[in-house]
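Subject: Structure for you to look through, with notes

Dear colleague,

I am passing on a structure that I would like you to look through at your own pace. Please open it first, and then read the notes that follow with the model beside you.

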There are 2 protein chains.
Amino acid sequence: MSNFFSLNNIIKLMDRKINKDNLKVFCISAMEKVGMSIEDAEITADVLVTTDLFGIYTHGTNNLRNYIKKIKAGGIDPKAIPQIIAEGENWTLLDSGSAMGMVESYKAMAMAIAKAKVSTFGFVGVKNGSHFGAAGYYANMAASQDLIGIAMSNADPSMTVPGSRGAIIGNNPFAYAVPTGKDETIFLDIAMSSVSGLKVIQSKKNGKKIPNNWIVDRDGLPTTDASVFIDKGGWLQPMAEHKGYGLALLVEVITAVLTGAGVTKEAKSWLNELSSNCQTGHAFIAINIDTIMPINLFKERIDNLINEIHNSPKAKNSDRIYLPGEIEWKKYEHAIKNGMRLPIYVIESLQELAVDLGLKINYIF
Amino acid sequence: MSNFFSLNNIIKLMDRKINKDNLKVFCISAMEKVGMSIEDAEITADVLVTTDLFGIYTHGTNNLRNYIKKIKAGGIDPKAIPQIIAEGENWTLLDSGSAMGMVESYKAMAMAIAKAKVSTFGFVGVKNGSHFGAAGYYANMAASQDLIGIAMSNADPSMTVPGSRGAIIGNNPFAYAVPTGKDETIFLDIAMSSVSGLKVIQSKKNGKKIPNNWIVDRDGLPTTDASVFIDKGGWLQPMAEHKGYGLALLVEVITAVLTGAGVTKEAKSWLNELSSNCQTGHAFIAINIDTIMPINLFKERIDNLINEIHNSPKAKNSDRIYLPGEIEWKKYEHAIKNGMRLPIYVIESLQELAVDLGLKINYIF
């Protein structure tokens, strides 16, 4: 370990304001090193860095090191070009061939947008897909072009369901984005579990008790003991019990059963099973607002709704009501203006990636 | 009050096994009495009685008395014929003219199904709509024809959102249904609140403490005191906090902002504001599976998923894992076979309706 990796140095680096373009250049150079085309590397870098800019560090450049490990182990094919296997006026089915998740998803949503512009609705399903990171990016692709965007994916099982023990179904991410007139997009990017596995792992590290709706123990019963998570048979609980279960199942049906992708256990972990293809399924939906309602009228109606919510009576000790995505957009704008501060685990991951590949990294800090 | 209404008699009636066809005949005769066509009355009766057969008594024939009060007060137009105001290959926008909610919704989903059969996706939005009862019925219309069905609606605000106090948005119902090979449909019918208002009202009556994620008090803070609900400024909490808020907002955007229906406070209560049109919006989506994946293959894949979930390890003290809708289908089949037992509040409501309209009712018990 060089001095660059000392804790003192990392803590110093956490104070550096990182320029997004330098971070992108580093990510692109890393992906080119393992055989990805510059075009695909640029797409991936934009997805990951934008996710960091939104403050969703768990799904951004932090994960590039693992994606590249997976490429080296054969679990992701950096050269795969997603193929159209069936198509209609308003839908397309893609076989991704285990391409990089960001590449297949960017291309799929771009196709859904193109279909929607002609046919009002556009649906693109993806089979043989890989972990696609933060779903919100793809939903926002549509909203930035004045369409409503929806993005979803299944994942390897990490969630119990009512009456079961063990991991039965993935916590299947779902995102949507809606264009507005005066503000940035409204967007929501959630998983169907009560909380993310990372949040449980953090509580496990801290030895803290957790609320009893986060996980179940090995018997499938709610527990406040984070230490049983995964190793001792503990798994995530669905959000709002049967409601989160039911919605996760809908995502599973649309992204995986309908597309021919791996269903539940057939989908493999992007993180732990490096040499396996993820075999996950995704679905991307775009709705061309303007054919249904003139876009300016729609935006006026959305802006009125935003104003109404912003101006609603506040709860005690609350001074603001946020729209979905508003906090992320504030972080984004702050980071674009002032540069971005990355948390320690992201800096470590990027540095380790630089060492793995023999790349220079100092210039991004 | 005749003896027919005595508590003893009602309790006796609760033991009677009610035949669904007699119940339908009674409902139809009530609606004809207030000017509805027999065709529309039959549609409405089928929706309400089927909802009772599923055991969802809060959304079935119990509400007919109030719908008819609303017709008499001018809030629902029993003769309205929903009009197509705009249309494309795979979508339709309807102005319902405040028709009975079940009539406009049945017709809208039938149109979405017809569109989907030709164009893979079918979307029908409804403005100037009325309370549509249980969303699951319409989703199941699609699934019974081998399509995936989705039904949703906005509603007058009853839910707070993170950081607010008071009612900001409706608890916006959402349902989906999926065809299977060997079993009945998978279907989920939920609202975006933690629990239904009725459940809070029951706890209020019983004087029971409630979990602190059900409602907020007048300050917008979580409370375990059900007595503050509505009268003292208490309102429902969204399920899973910001996740339920975000999903309710998506339903609001698709059903109301996009269709031109009443948004948030513009939507009026079907229950309390009798002379007001509800002005709610609905959206119905049908997806023709067979154009994307051969329907038999899809059903085989769904059946495998069902088997896998059924055969998963059970939680301690659990002997069964249910698919969404499975409990409702079991109740349905039992009621079809053995007749149906209605809860006391439904029997009371039907009897009061009979008195309101001077109809015979004894024959249904």
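How much space lies in the second largest cavity? Before I answer, please keep in mind that this is a predicted model, and that the values below were computed from it. The answer is about 40 Å³, and this cavity belongs to a set of three in the structure that reach 30 Å³ or more.

The second largest cavity is a good place to begin, and its lining is made up of Thr50(A), Thr51(A), Phe54(A), Ile56(A), Ala134(A), Gly136(A), Tyr137(A), Phe187(A) and Asp189(A). Sorted by class, five of these residues are nonpolar, three are polar and one is charged. If you want to find the place on the chain, look for α3 (38–53), α6 (136–143) and β6 (186–190) of chain A, each of which supplies at least two residues of that lining.

Why does this cavity lie between two domains? Both domain 1 (7–73 + 342–363) and domain 2 (82–193 + 239–340) of chain A give residues to its lining, so the cavity lies between them. The division of chain A also includes a domain 3, which covers residues 194–237.

The boundary between domain 1 and domain 2 of chain A can be described in several ways. The C-alpha centres of the two domains lie 23 Å apart, and 29 residues of domain 1 are in contact with 29 residues of domain 2. Together these two domains of chain A bury about 2600 Å² between them, with 72% of that area on carbon and sulfur atoms. On the side of domain 1, Leu53(A), Phe54(A) and Lys70(A) lose the most area to domain 2, and together they account for 29% of what that side buries. You will recognise Phe54(A) from the lining of the second largest cavity. One salt bridge is found across this interface of domain 1 and domain 2.

The largest cavity holds about 440 Å³ of space, and 26 residues line it. Which residues lie nearest its centre? They are Ile150(A), Phe174(A), Ile285(A), Ile150(B) and Phe174(B), and you may like to select them on screen. In chain A and likewise in chain B, β3 (121–129), β4 (147–153), α8 (242–257) and β10 (280–288) each supply at least two residues of the lining. The lining of the largest cavity has 24 nonpolar residues and two polar ones, with no charged residues.

The two chains meet in a contact that takes 66 residues from chain A and 66 residues from chain B. The area that chain A and chain B bury between them is about 5800 Å², of which 70% is on carbon and sulfur atoms. In chain A, the residues that lose the most area to chain B are Lys243(A), Leu258(A) and Ile292(A), together giving 11% of what that side buries. The count of salt bridges between chain A and chain B is zero.

Over all chains, the whole structure has 18 salt bridges. One that you could examine joins Asp231(A) to Lys204(A), where the closest N and O atoms are 3.0 Å apart. These partners are 27 residues apart and come from distant parts of the chain, with Asp231(A) in the loop between β8 (222–223) and β9 (235–236) of chain A, and Lys204(A) in helix α7 (residues 197–206) of chain A.

With best wishes

Key: Residues are numbered from 1 along each chain as its sequence is written. Chains are lettered from A and ligands numbered from 1 in the order in which they are written. This is a predicted model: local features need pLDDT of at least 70, side-chain atom pairs count only at pLDDT 80 or more; totals for chains, interfaces and linings use all residues. Side-chain values use heavy atoms; hydrogens and water are left out. On a 1 Å grid over the protein atoms alone, a cavity is a set of points where a 1.4 Å probe fits but cannot get out, and a pocket is an open set with protein on both sides within 12 Å along at least five of seven lines; lining residues have an atom within 4 Å of a point. Grid points are joined across faces, edges and corners, and a volume is the space filled by probe spheres set on the points. Helices (H or I, at least four residues) and strands (E, at least two) are DSSP runs, numbered from the N terminus. Ala, Val, Leu, Ile, Met, Phe, Trp, Tyr, Cys and Pro count as nonpolar, Asp, Glu, Lys and Arg as charged, and the others, Gly among them, as polar. Domain bounds come from an automatic or database domain assignment. Contact means heavy atoms within 4.5 Å. Buried area is the accessible area (1.4 Å probe) that two parts lose on being put together, summed over both. A salt bridge is a side-chain nitrogen of Lys or Arg within 4 Å of a carboxyl oxygen of Asp or Glu.
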